[in-house]
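Grab a pencil and work through these exercises with the model open beside you. Each one gives a task, then a solution in steps.

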Amino acid sequence: MIYKQNLHTHTTYGDGKNTPEELVLEAINRGFSSIGFSEHSYMHFADFSSQLKVSDMPKYKSEIHALKEKYQDMIDIFCGLEYELFSEVPTNGLDYIIGSVHYLKFGEEILGFDVKLKETQDYINSNFGGDGMKFAKKYFETVATLPQHGNFDIVGHFDLVAKNNEKGHFFDINSKEYLNAGFEAIHALKGKIPLFEVNTGAIARGYRSTPYPQPEFLKEFKNCGFGAVITADCHNKDFLDCYFNEAAQLLQSVDFKTIWILTGNGFKEVSL
Ligand SMILES: [Zn+2]
Ligand SMILES: [Zn+2]
């Protein structure tokens with residue numbers, strides 16, 4: 001790959017292990033042309049430890065901005081956010097935004113599903129009477145509403161619902177029912193969010209052996225004219241470009257000829 005960049009990066013402002021500067025230095029070491037930071041946006045109802053606190057927003061922005069200037073001759077640095085659907089924080093003054101769903105809404109209650117295997121079963125039992133397919137459908141229906149909540153540049157980990165499902169514990173990811181639920185969400189996002197990410201983060205963290213989204217969804221994103229971005233969903237600098245070459249090959253295998261990178265003049269398409 002000619003262009004190395006990662007726009008999905010978490011730091012000590014949220015649930016990442018490293019400071020922004022440690023990550024910038026790692027990116028320079030690995031020959032990246034750019035790096036973007038994307039902390040989880042604040043959610044008043046959820047565990048605060050993984051999120052960027054509202055009170056830390058100005059410091060986050062000014063620290064990234066200072067790094068931008070300090071390293072301007074070596075790498076392009078961007079300040080973004082991984083915006084959570086039910087978050088209510090202002091998003092002005094950012095270079096880009098990833099739109100992600102980690103929570104589902106049940107009446108007035110909002111509950112996170114991005115949990116470990118055993119807890120996923122509990123989540124499905126308590127909220128969907130043990131029916132994993134209902135869980136998957138509710139997730140994709142929720143993803144479909146992303147554009148109603150803001151202007152996003154990138155769809156985050158499109159099929160995150162399958163994180164703990166690699167062995168088919170909860171639903172069949174090859175069934176028509178599951179695929180159609182995903183396709184409907186892609187159609188709802190079409191023309192509203194221009195890019196989606198091939199996200200390798202769950203591989204780095206040992207949850208999965210393949211990136212999001214699965215090939216059937218990659219093909220549908222392609223058919224619907226979305227652009228692809230490769231990201232590491234990095235929480236630890238050691239995995240800043242984890243599985244990038246394989247992600248590029250995966251995209252090529254479903255006929256993507258290009259990916260998109262962020263530059264000082266906005267997003268730009270480059271050949272794979
Ligand atoms: Zn996420
Ligand atoms: Zn993330």
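In which crossing, right-handed or left-handed, does helix 1 pass helix 2?

**Exercise 1. Describe how helix 1 and helix 2 pack.**

Before starting, note that this is a predicted model.

Step 1: Find the two helices. Helix 1 covers residues 20–29, and helix 2 covers residues 57–70.

Step 2: Recall what to look for. Packed helices are described by the angle between their axes and by the distance between those axes.

Step 3: Put in the values. The angle is about 30 degrees, and the axes of helix 1 and helix 2 are 10 Å apart.

Step 4: Classify the angle. Anything under 35 degrees counts as roughly parallel, so helix 1 and helix 2 are roughly parallel to each other.

Step 5: Settle the opening question. Helix 1 passes helix 2 in a right-handed crossing.

Step 6: Name the residues that meet. Pro-20, Glu-21 and Val-24 are on the helix 1 side, facing Glu-63, Ile-64 and Leu-67 in helix 2.

**Exercise 2. Work out how strands 1, 2 and 3 are connected.**

Step 1: Start with strand 1, residues 5–6, which runs parallel to strand 2 and is joined to it by two bridges. Look for Gln-5, which has Ser-34 of strand 2 opposite.

Step 2: Move on to strand 3, residues 76–84. Seven bridges tie strand 3 to strand 2, again in parallel, and here Ser-38 sits opposite Gly-80.

Step 3: Add the helices. Strand 1, helix 1 and strand 2 build a right-handed β-α-β unit. Strand 2, helix 2 and strand 3 build a right-handed β-α-β unit too.

Step 4: Ask why strand 2 can be called largely enclosed by the rest of the structure. Strand 2 spans residues 34–40, and six of its seven residues are buried, so the surroundings largely enclose it.

**Exercise 3. Lay out the open sheet and find its edges.**

Step 1: Write down the strand order. The sheet is open and has seven strands, in the order 1-2-3-4-7-8-9, with parallel pairing.

Step 2: Pick out the edges. Strand 1 and strand 9 each have a single partner strand, so one side of each has no neighbour in the sheet.

Step 3: Check the step from 4 to 7. Strand 4 (residues 96–100) and strand 7 (residues 154–155) run parallel and share two bridges; Ile-98 stands opposite Ile-154.

Step 4: See what lies over strands 8 and 9. Helix 8 lies across both of them, at about 160 degrees to strand 9.

**Exercise 4. Find a pair of strands that runs the other way.**

Step 1: Recall the options. Strands of a sheet pair through backbone hydrogen bonds, either parallel or antiparallel.

Step 2: Look at strand 5 (residues 103–106) and strand 6 (residues 109–112). Four bridges pair them in the antiparallel sense, and Phe-106 has Glu-109 as its bridge partner.

Step 3: Inspect the turn. Two residues separate strand 5 from strand 6 in this hairpin, and Gly-107 in the turn has a positive phi of about 60 degrees.

**Exercise 5. Compare the directions of helix 4 and helix 5.**

Step 1: Take helix 4 at residues 132–144 and helix 5 at residues 176–189. Their axes come within 8 Å and cross at roughly 10 degrees.

Step 2: Draw the conclusion: helix 4 is therefore roughly parallel to helix 5.

Step 3: Spot some of the contacts. The helix 4 residues include Met-133, Ala-136 and Phe-140, while those of helix 5 include Tyr-178, Ala-181 and Ala-185.

**Exercise 6. Hunt for unusual backbone spots in the loops.**

Step 1: Visit the loop between helix 6 and helix 7, where Pro-213 is found. A cis peptide bond links Tyr-212 to Pro-213, with omega at about -10 degrees.

Step 2: Go to the loop between strand 9 and helix 8 for Asp-233. Its phi is near 40 degrees, positive in a residue other than glycine.

Step 3: Stay in the loop between strand 9 and helix 8 for Tyr-243. Tyr-243 is not a glycine, yet has a positive phi of about 65 degrees.

Step 4: Are these two buried or exposed? Buried takes 20 or more other C-beta atoms within 10 Å. Asp-233 has 28 such neighbours, so it counts as buried. Tyr-243 has 22, so it is buried as well.

Notes. Residues are numbered from 1 along each chain as its sequence is written. Chains are lettered from A and ligands numbered from 1 in the order in which they are written. This is a predicted model: local features need pLDDT of at least 70, side-chain atom pairs count only at pLDDT 80 or more; totals for chains, interfaces and linings use all residues. A residue is buried if 20 or more other C-beta atoms lie within 10 Å of its own, exposed if 12 or fewer, and partly exposed in between; C-beta atoms are placed from the backbone. Two strands pair if DSSP finds at least two bridges between them. A crossover is right-handed if, with the strands pointing away from the viewer, the path from the first strand over the helix to the second runs clockwise. Axes are lines fitted to C-alpha atoms, for helices over the stretch in contact, and angles run from 0 to 180 degrees between N-to-C directions. Angles under 35 degrees count as roughly parallel, over 145 as roughly antiparallel, 65 to 115 as roughly perpendicular and the rest as oblique. A crossing is left-handed if the near helix is turned anticlockwise from the far one by less than a right angle, and right-handed if clockwise. Two residues are in contact if their C-beta atoms, placed from the backbone, lie within 7 Å.
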